[in-house]
Amino acid sequence: MKNKDNQSAQESNPRCPDSSAFKQQKLPAWKPKLTASTVLSSFFVIGLFCLLVGICLILSARSVNEIQIDYSDVCLNCSKLRESSSNWDKECNCFAHFTLQENMPGDIFMYYRLQNFYQNHRRYVLSRSDAQLLGQDVNIQNSYCAPFATYPNGTPMAPCGAIANSMFNDTVQLFYYVNSSTAIQVPLLKNGNSWWSDKNVKFRNPTSYNLSSAFAGTARPPYWQKPAYLLDEKDERNNGYINDDLIVWMRVSAFATFRNLYRRLSRTNQFADGLPAGNYTFHITYNFPVTKFQGKKQLVLSTITWSGGSNLFLGIAYTVSGAVIVLAGFVIAAIHLKRRKKKTYFQRHPK
Amino acid sequence: MELCAKKLPPEEERRVRANAREYNEKFQYASNCIKTSKYNIVTFLPVNLFEQFQEVANTYFLFLLILQLIPQISSLSWFTTIVPLVLVLTITAVKDATDDYFRHKSDNQVNNRQSQVLINGRLQQEQWMNVRVGDIIKLENNQFVAADLLLLCSSEPHGLCYIETAELDGETNMKVRQAIPVTSQLGDIRKLARFDGEVVCEPPNNKLDKFSGTLYWKENKYPLSNQNMLLRGCVLRNSEWCFGLVVFAGPDTKLMQNSGRTKFKRTSIDRLMNTLVLWIFGFLVCMGVILAIGNGIWEYEVGACFQMYLPWDVAVDSAFFSGFLSFWSYIIILNTVVPISLYVSVEVIRLGHSYFINWDKKMYCAQRQTPAEARTTTLNEELGQVEYIFSDKTGTLTQNIMVFCKCSISGHSYGDVLDVLGHKAELGERTEPVDFSFNPLADPRFRFWDPSLLQAVRLGDPHVHEFFRLLSLCHTVMSEEKSEGELYYKAQSPDEGALVTAARNFGFVFRSRTPKTITVQELGRAVTYQLLAILDFNNVRKRMSVIVRSPEGRIRLYCKGADTILLERLHPAHPELLNVTTDHLNEYAGDGLRTLVLAYKDLEEGYYEGWAEQLLRASVAPEGREDRLARLYEEVEQDMMLLGATAIEDKLQQGVPETIALLTLANIKIWVLTGDKQETAVNIGYSCKMLTDDMTEVFLVTGHTVLEVREELRKAREKMLDSARAVGNGFCQEKLPLSAPASGLPAVLEAVAGEYALVINGHSLAHALEADMELEFLETACACKAVICCRVTPLQKAQVVELVKKHKKAVTLAIGDGANDVSMIKTAHIGVGISGQEGIQAVLASDYSFAQFRFLQRLLLVHGRWSYLRMCKFLCYFFYKNFAFTMVHFWFGFFCGFSAQGCLPPRLTPLSRQTVYDQYFITLYNIVYTSLPVLAMGVFDQDVTEQRSMEYPKLYEPGQLNLLFNKREFFICIAQGIYASVLMFFIPYGVFADGAQLADYQSFAVTVATSLVIVVSVQIGLDTGFWTAINHFFIWGSLAVYFAILFAMHSDGLFQMFPNQFRFVGNAQNTLAQPTVWLTITLTTVVCIVPVVAFRFLKLDLKPELSDTVRYTQLVRKKQRAQHRCMRRVGRAGSRRSGYAFSHQEGFGELIMSGKNMRLSSLALSSFAARSSASWIETLRKKKGGDSPASSPSGGGDKPLKG
């Protein structure tokens, strides 16, 4: 009784703190504990899961058909020509031959691969104007595009910036030798190679009654052979800033060695099931010099799977970690059991 | 207010003239206004900013901010630094301002207390702060003394007045002060207003017991001493009123001179963090240098060739210069290893913990209606690391109440409460107290639980009667009877008061006394004894006696005194009674009670005559008076008959022994520092179980000279070492390097076998604290389990604390209630004030305050421990997450030409056209994505419940040993962070590097960022040991918010508005739709977390901490409980301790015999109206003519003005 009275007296005092669970630090709480059973079982479950995923990934990566042709050496003479900038308007073609031993079934993707090209350099990454690429009329001078913003006479470049200026501009065609003498061009798709959001949101042509007038008052970047509105004259939906090759290039790579999607196989006629085995030739119009920066250029033909490309890294990493985790599970279990035995020993023989 | 701050050259001497403000103003003495606040409105900003930039971290951020203002190197916007920096500075400034506001407020409160000042011949109410040196002020009973006063006159005869100095020196007994005779006649206002004496005295100093000065008045000189002074902080007791002349005011008062300076307090974690910030800065510079060299080489080797596509900036003309610039850029981009949000979060967490202390209902004292209060919010985690507690005694450990508790009368012990079965029961509420209603003069506040004693009185047991007769006669208490039956006792010491009150309630009521008589109401019958002599107490005698002649004409000597002294002087007639009484004494002492032995002796008329003759001659002897008196006293106090013994309880605060036992178990050393005398202090030491009879030895250091003290300390050390060697562990203290780390020292000291205690008193301590001996003293003291310092001045208290603080590198806590503890409270790392009592000085100076000493265990073992744990976990995690976050950039540097490109979503642009959106990830990472879960952990986490924290005091040890967050732990966190960053970078690198469909920078950044947020979220989930709903909400909420913001930032709408800002448009949808990305994130998470789980589990399994064990099992419980019980039982076995708890100075005996302190009223009552001197008549006249206000009974006294 007395206690109760005390309590109520306490409650009535305004200086007395509340007895709410929060203020008294008595909130209900879950107190997770690292017990042997949960730890060990999670180790085994996670380990086995990783192993399984790893094996699946390896299998799927192994199923990818891929062929990679380095043409930096094949086209040595062209690259020599390009080293001197005075020859910028001279055309130079070269050919790279290769043989497919087996059929390459399914969707085929054609990439160009560059080595030692630092697309992730800070100043390079910055050197662009997204507003310009969105078709907005912007003051290029005032953008991040320097040093490829304007010509000395003040004409703005379109598109401006180091990224756009250095766009990969080799033209590659693929020929298939039906027999030793006749070659037919493999039909390749130029569009659909970029993300929908890039093509439809991020890049927009300036509005005008036609494209070339929209680009009036601007000039092509110095390293370009043709202005932006002539990137693909045949397809209005693939011209100017919304050209897939430009969009793909403008999505800078994470590392100095990268591959960008260039074309997709159009699965028609004899290529309906993919590329048949046989001899092929890449017909390359060589415009993009790489020797200056000790770069290399390759062309890649590859199929894809759900897990991406032919990269085995993830599969191996999963398998190894899975194996290590399972192993660790066993070691920990052994240590734990040994330890428990000891403990019970001490309990049985207290000092 | 401004006046307070004035600085003046040091005073040589002080001249004060009464009632002459103009004259005194020449000297510009400090006014009575005190100032404890640090700032005012004008100085606040510069002073506060100056203080704040003394923090390493703040300066560091300022430096970063300046760097970011340089366009060439700015890789982040200055916005990312300035906003949080300003935020931090503002929050801290607001907090400081609030703290200071409260200081202003309490200053104001004290300064605005009212006192009555005599101005222009009239008494006026004035605020304390307006009291000037030279004013005459009037004090009333129970009021605080407003300044250091020269007592001029008082309501009591002969200008006497009584004061309580507990606030000043912790002594509980009343002290008497006397005005010099010339001024004591100035009883009325007109005379006082004309008083124009001039005091010339020493300049302000901090010596509480010394004052020397001279009063010049009417061409005469009168010497003044401390006996004439009333010091600020004292309380006037048992005197209706008095007048005093203000000599020292405000900051010059002895009280304020004794309260050390306010120091800026920092926790050890703060200091560690400052060191770590410097280290991290060094680390940052190293990383910057590595990357800058890398950049130089890269630009020279690769970048130069790549110039076709990416020409160098206009200003950059060489690879070297580019490297130099990139160094600064990297310093900026990597600065997130120590984000400002760290400091904000630490403050928020501390604030939370402070609120939990304020809200704790278990630290609320219902009687005093005072909740605990965290007055500073920056010291919480240090509460979990305390190693030394310095406690005041009076008012902190004890309640300052003496209770007559037990007695032994001719071999029978009374006072134990027996339950139905006849077993001893604990004192409690279970039984009803004895009913004293038969006695109209009984003190209603007196409680006694054993009815058999009253029975014995009623049955007329002659021994019992004689026992109480002794108590009612043998004392120096003064009585006052305001109206019939309303008795008030003025006792010099509370012990005496308790004894006389006990006698009063049992029917032997001390009614009144004159210099020659004592009137006692014996069971309703008034009996007047003739008082022949008072053989007064002193420190050597440790006893007092009275010689009285009963109405029947029998002369009897009554004596009470310390058992050790008295038992030697007993008549050897009844050895068995002696034995029984000795047993009882042992039992009482074992219970921590203060005992006195009572005895009597009949004197024959003839013998007495002769003795009295000698006494008279001795008392007028020109020299050797003291010795001769002592010899005479000694002669008569022989062969006495034992009557019995009393046991007085110096009432401890609730739960003190238990608290001390628990704190001792938690390896906290408790030192008691008290101004009180040695006997009392030792007694309290025993009753609160600091000292026990199991102790191997209690060393007493009482030397008066340096050599003596040194010798005593050396002996004590030798003894400890001897026993240690005997145990054979070869420990040699002498060789112990004094610079040994604090954590190492106690371990060595524990090697000293046996438990020792050290008791040292004030004058010895003064020597022990001298520079050449302090280490010896400290070593000796620290080897002891308990240390008691008695008769120490407030400043010595602070010195002791400072000594331990300086040499032990341990966290110290000082707890006290009075103004005498202020300096100690300010000096210690943590100061705790006992609130809810009259004085508030201690509380004002303290960092934490609560009403009861026992709350200390909860403050330390629960709040402190949790705070420390939470703060450590928080810091570990915080450094982990920021290293994980930042180091990713470092690794990316090797792959992006060391160009200071970040590898997380922020897009880095030159300064010129910066906006805040650019760095949203960096900013959001610390503010939104990861801050709330770790804040929730820092505020709410609990490893074990509060009950367990109290049950297992050993859980407190990790804090003392600094185990949870130290340099080693810091490196572990960093290593873990770097490990995570390596995986978080290189796994996506492996995936993105070659042969994948996804290879673009933006997808890579999103992948890394997502796995970073997920990994640190899982990690916080793993670290959180106490998932409240709030934790759930924050952890899941943070993840949800991350994705929400990610998608929002990558949405079309924002891009269309600010195309250059939100370049990641569409990225989240496209990237996160890839199974590979999710597989990468999953793998990263698994490999980052699984090893941590494995290590934690193995550590738990192989080397569990006590807290783990407590958390996981219940096994150890019984063991610990047993230990507890052990602790409680300790100290029962008996040695005798006498608490002859009188004053350490001469008693009032002489005063009484001279009749000086007698009121005329009481004289008139007595039938022996002996010598009525002219002065008595004068007093009478004064009383009638004077305008003394209606006096109030001292018991129901006027409460002093207080807040």
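**Entry 1: salt bridges, overall**

By salt bridge I mean a side-chain nitrogen of Lys or Arg within 4 Å of a carboxyl oxygen of Asp or Glu. With that rule I get 57 salt bridges over all chains. Note to self: this is a predicted model.

**Entry 2: chain B at a glance**

I pulled the secondary structure of chain B and got 43 helices and 35 strands. Chain B has 1203 residues, and 62% of them count as buried. I also checked how far along the sequence its contacts reach. Taking contacts between residues at least 6 apart, 75% join residues at least 24 apart.

**Entry 3: where chain B meets chain A**

How many residues of chain B are in contact with chain A? I find 105 from chain B, against 92 residues of chain A. The area buried between the two chains is about 8,800 Å², and carbon and sulfur atoms give 62% of that.

Next I went through the polar side of the interface. Three salt bridges are counted between chain B and chain A. I looked up the one between Glu299(B) and Arg123(A), where N and O are 3.8 Å apart. The rule also finds 26 residue pairs in polar contact across this interface, both partners at pLDDT 80 or more. On the chain B side, helix α38 (residues 1075-1102) gives the most, with 17 residues. By type, the residues on that side of chain B divide into 56 nonpolar, 32 polar and 17 charged.

**Entry 4: salt bridges within a chain**

I started in chain A with Lys23(A) and Asp18(A), whose closest N and O atoms are 3.4 Å apart in a salt bridge. Asp18(A) has a relative accessible area of 42%, so I log Asp18(A) as partly exposed.

Then to chain B, where Lys560(B) bridges to Glu496(B) with the closest N and O atoms 3.6 Å apart. Lys560(B) sits in strand β26 (residues 555-561) and Glu496(B) in helix α14 (residues 494-505), so this pair ties together parts that are 64 residues apart in sequence. Are these two buried or exposed? Lys560(B) is buried, at 0% relative accessibility, and Glu496(B) is buried too, at 1%.

I also checked Lys873(B) with Asp941(B), a salt bridge with N and O 2.7 Å apart. Lys873(B) belongs to helix α28 (residues 855-893), while Asp941(B) is in the loop between α30 (931-940) and α31 (946-951), so parts that are 68 residues apart in sequence are tied together. Lys873(B) is partly exposed at 23% relative accessible area, whereas Asp941(B) is buried at 0%.

There is a network as well: shared partners join Glu466(B), Arg469(B), Glu522(B), Arg525(B), Arg556(B) and Asp602(B) through salt bridges.

**Entry 5: Glu466(B), from that network**

I followed up Glu466(B), which is found in helix α13 (residues 462-473) of chain B. Glu466(B) is buried, with a relative accessible area of 8%. Leaving out residues up to four places away in sequence, Glu466(B) touches Arg556(B), Tyr558(B) and Leu643(B). With Tyr558(B) there is a side-chain polar contact of 2.5 Å.

**Entry 6: Arg15(B)**

Arg15(B) is in strand β1 (residues 14-17) of chain B and is partly exposed, with a relative accessible area of 31%. Which side chains does the side chain of Arg15(B) make polar contacts with? I have Glu13(B) at 3.3 Å and Glu198(B) at 2.9 Å. Beyond four places in sequence, the contacts of Arg15(B) include Tyr23(B), Phe27(B), Tyr29(B), Glu198(B) and Val200(B). I also took a C-alpha distance: Arg15(B) to Gly134(B) is 9.1 Å, with their positions 119 residues apart along the chain.

**Entry 7: helix α16(B)**

I ran a length check on α16(B), residues 575-590. At 1.5 Å a residue, its 16 residues should span 22 Å, and the end C-alpha atoms are 22 Å apart, so the two agree. Its buried residues include Leu577(B), Thr581(B), His584(B), Leu585(B), Tyr588(B) and Ala589(B). A reminder on the geometry: an α-helix has 3.6 residues a turn, so residues three or four places apart point the same way.

What do the buried residues of α16(B) pack against? I list β16 (398-409), β17 (412-414), α15 (563-566), β27 (594-603) and β28 (641-652), from chain B. Just after the helix, Gly592(B) takes a positive phi of about 80 degrees.

Conventions
Residues numbered from 1 in each chain as written. Chains lettered and ligands numbered in written order. Predicted model: local features only at pLDDT ≥ 70, side-chain atom pairs only at ≥ 80, totals over all residues. Heavy atoms only, no water. Helix = DSSP H or I, 4+ residues; strand = E, 2+ residues; numbered from the N terminus. Expected span 1.5 Å × (residues − 1). Buried < 20%, exposed > 50% of the residue type's maximum accessible area, 1.4 Å probe, protein only. Contact = heavy atoms within 4.5 Å. Buried area = accessible area lost by both parts, 1.4 Å probe. Polar contact = N/O pair within 3.5 Å; in protein donor to acceptor, adjacent residues only side chain to side chain. Nonpolar A, V, L, I, M, F, W, Y, C, P; charged D, E, K, R; others polar.
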